[in-house]
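Here is a brisk report on one protein chain. The sequence and the structure come first, then the reading.

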Amino acid sequence: MEATEALVDAASADAPVHGYTSNKAAYLRRLKRIEGQVRGIARMVEDDKYCIDILTQVSAVTKALHAVSLGLLEEHIGHCVVGAASEPDPDRRSEEIESKVKEASDAIGRLLR
């Protein structure tokens with residue numbers, strides 16, 4: 001194994017594992033697509049396109065971001081909340097579950113504003 005490969009493997013081993021980690025590439029692809037859509041909206045404004053056409057594109061981007069948000073929220077519940085429930089120490093388990101559920105509730109509140 002080359003030295004650079006060893007460094008990459010070591011960095012990967014130290015990387016945190018989140019609920020979305022297994023789907024990270026898919027999330028990044030979706031976000032790059034959304035980024036392209038936003039750049040397209042900026043071009044539409046620069047080109048003086050019809051306001052309703054611009055609003056239609058803004059709506060599409062908003063829906064795409066909501067889909068990403070809901071996916072991340074589902075991953076948080078399925079990984080982080082469920083992980084907290086498997087904490088062996090009962091006192092710590094209760095605190096961890098409460099904390100992770102609160103994080104999810106707060107995130108939902110921000111999404112609904």
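Of the 113 residues of the protein, 17% count as buried. The model is a predicted one. It holds 4 helices and 0 strands. Along the sequence the pattern reads α-α-α-α. The accessible surface of the protein comes to about 8500 Å². Carbon and sulfur atoms account for 58% of that surface. Among contacts between residues at least 6 apart in sequence, 57% join residues at least 24 apart.

## Helix 2 and the core

Start with helix 2, residues 24-46. Its 23 residues, at 1.5 Å a residue, should span 33 Å. The end C-alpha atoms are 33 Å apart, so the expected and the modelled span agree.

Which residues of helix 2 are buried? They are Tyr27, Ile34, Gly40, Ile41 and Met44. Helix 3 (51-85) is among the elements that cover them.

The largest nonpolar core has 7 residues. Its members are Tyr27, Ile34, Ile41, Met44, Ile54, Val61 and Val68. Helix 2 and helix 3 are the elements that give two or more residues to this core. The largest share, 4 residues, comes from helix 2. As a general point, nonpolar side chains in soluble globular proteins tend to be buried together.

Ile54 is one of the core residues. Leaving aside its neighbours within four places in sequence, Ile54 is in contact with Ile41, Met44, Val45 and Lys49. Ile41 and Met44 also belong to the core.

Thr62 sits in helix 3. Its relative accessibility is 36%, so Thr62 counts as partly exposed. Thr62 and Val38 are 24 residues apart along the chain. Their C-alpha atoms are separated by 10.0 Å.

## The loop after helix 2

Asp48 follows helix 2. It lies in the loop between helix 2 and helix 3. What is unusual about a positive phi? Most residues other than glycine have a negative phi. Asp48 is not a glycine, yet its phi is positive, about 55 degrees. Is Asp48 buried or exposed? At 69% relative accessibility Asp48 counts as exposed, because the cut-off for exposed is over 50%.

## Salt bridges

How many salt bridges does a search of the whole structure find? The search finds 5. Side chains of opposite charge can pair when their charged atoms come close. Three of these pairs are set out here.

| Pair | Closest N to O | Placement |
|---|---|---|
| Arg39 and Glu35 | 3.3 Å | helix 2, 4 residues apart |
| Arg92 and Glu96 | 3.2 Å | helix 4, 4 residues apart |
| Glu103 and Lys100 | 3.7 Å | helix 4, 3 residues apart |

Take the helix 2 pair. Arg39 and Glu35 are about one turn of the helix apart. Arg39 has a relative accessible area of 46%, so it is partly exposed. Glu35 is partly exposed too, with a relative accessible area of 41%.

Now helix 4. Arg92 and Glu96 are also about one turn of the helix apart. Arg92 counts as partly exposed at 41% relative accessibility. Glu96 is at 23% relative accessibility and counts as partly exposed. A network of salt bridges links Glu87, Arg92 and Glu96.

Further along helix 4, Glu103 and Lys100 are 3 residues apart, which means a separation of about one helical turn. Glu103 is partly exposed at 36% relative accessibility. Lys100 is partly exposed, with a relative accessible area of 22%.

## A nonpolar patch on the surface

Which residues form a nonpolar patch on the surface? They are Leu70, Ile108, Leu111 and Leu112. Together they have about 380 Å² of accessible area. Helix 4 (residues 90-112) gives the largest share of the patch, 3 residues. Leu111 lies in helix 4. At 31% relative accessibility, Leu111 counts as partly exposed. Why does Leu111 not count as buried? Buried means under 20% relative accessible area, and Leu111 is at 31%, so it falls in the partly exposed class.

How values were computed
Residues are numbered from 1 along each chain as its sequence is written. This is a predicted model: local features need pLDDT of at least 70, side-chain atom pairs count only at pLDDT 80 or more; totals for chains, interfaces and linings use all residues. Side-chain values use heavy atoms; hydrogens and water are left out. The expected span of a helix is 1.5 Å times one less than its number of residues. Buried means under 20% relative accessible area, exposed over 50%, partly exposed in between (1.4 Å probe, protein chains only). Contact means heavy atoms within 4.5 Å. Patches are made of residues with over 30% relative accessible area and no salt bridge: like charges are joined within 9 Å, nonpolar side chains (Val, Leu, Ile, Met, Phe, Trp, Tyr) within 5 Å. Accessible areas come from the Shrake-Rupley method with a 1.4 Å probe; for residues, only the protein chains shown count as cover. A salt bridge is a side-chain nitrogen of Lys or Arg within 4 Å of a carboxyl oxygen of Asp or Glu. A nonpolar core is a set of buried Ala, Val, Leu, Ile, Met, Phe, Trp, Tyr and Cys residues joined through side-chain atoms within 4.5 Å.
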